[in-house]
Amino acid sequence: MPRLLLFYTYIRACESPAHHIHTQALLGPSLDLSPGQTSPSDFAQLLAATDGWCSSSVRVKRTGASDDPIGAVASKLRASVVERSAGAASLHAVAGSGGHVALLVKANDKRLKVDVKASDQGLVDTVVAELKGLAV
């Protein structure tokens, strides 16, 4: 399967707003994520202990394509469900590069709101792009 090489410039909001980063990312047909095997308490410690989280949010319209939209997000991103309650879940995945991705997914009848945090802004941007194309 062909890979897409993207070159982009962004401002890292998680560090200095004036610090411009030029980088490249090699994106395959999907993200190189694996489920994070983390207990809820270890996940909370990871979120609290990691400095410089980069973040973004995305809204995904519900189309009725999935009976379990939170499960669809977890499956698409290959993330583990750390905690789940009615209409919301915390997800965790680890990138091939070792970076962490933490997601808070909130679902209602019309859409999902996904808050994405990662140790790298490029990873956040890639996850958000993957979620924008998701049909749930």
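1. Ser80 is buried in this predicted model, and the assignment follows because its relative accessible area of 15% falls under the 20% limit used for that class. Ser80 is found in strand β5, which covers residues 80-85.

2. The surroundings of Ser80 include a polar partner, since its side chain reaches the backbone oxygen of Gly36 at 2.4 Å. Once neighbours within four places in sequence are left aside, Ser80 is in contact with Pro35, Gly36, Ser90, Leu91 and His92.

3. Ahead of β5 in the numbering lies helix α2, residues 69-77, whose buried residues are Pro69, Ile70, Ala72, Val73, Ala74 and Leu77. In an α-helix there are 3.6 residues a turn, so residues three or four places apart point the same way. The buried residues of α2 pack against strands β3 (33-35), β5, β6 (88-95), β7 (100-107) and β8 (111-118), and also against helix α3 (121-132). Just after α2, Arg78 takes a positive phi of about 55 degrees, a backbone value to keep in view when reading this segment.

4. The largest nonpolar core holds 28 residues, of which Val101, Leu103, Val116 and Leu131 touch the most other members. At least two residues of this core come from each of β4 (54-61), α2, β6, β7, β8 and α3. As a general matter, nonpolar side chains tend to be buried together in soluble globular proteins.

5. For Val101, not counting residues up to four places away in sequence, the residues touched are Leu33, Leu91, His92, Ala93, Val116, Lys117, Ala118, Leu123 and Val127. Among them, Leu91 and His92 are also listed as contacts of Ser80.

How values were computed. Residues are numbered from 1 along each chain as its sequence is written. This is a predicted model: local features need pLDDT of at least 70, side-chain atom pairs count only at pLDDT 80 or more; totals for chains, interfaces and linings use all residues. Side-chain values use heavy atoms; hydrogens and water are left out. Helices (H or I, at least four residues) and strands (E, at least two) are DSSP runs, numbered from the N terminus. Buried means under 20% relative accessible area, exposed over 50%, partly exposed in between (1.4 Å probe, protein chains only). A polar contact is a pair of N or O atoms within 3.5 Å; within protein, one must be able to donate a hydrogen and the other to accept it, and residues adjacent in sequence count only if both atoms are side-chain atoms. Contact means heavy atoms within 4.5 Å. A nonpolar core is a set of buried Ala, Val, Leu, Ile, Met, Phe, Trp, Tyr and Cys residues joined through side-chain atoms within 4.5 Å.
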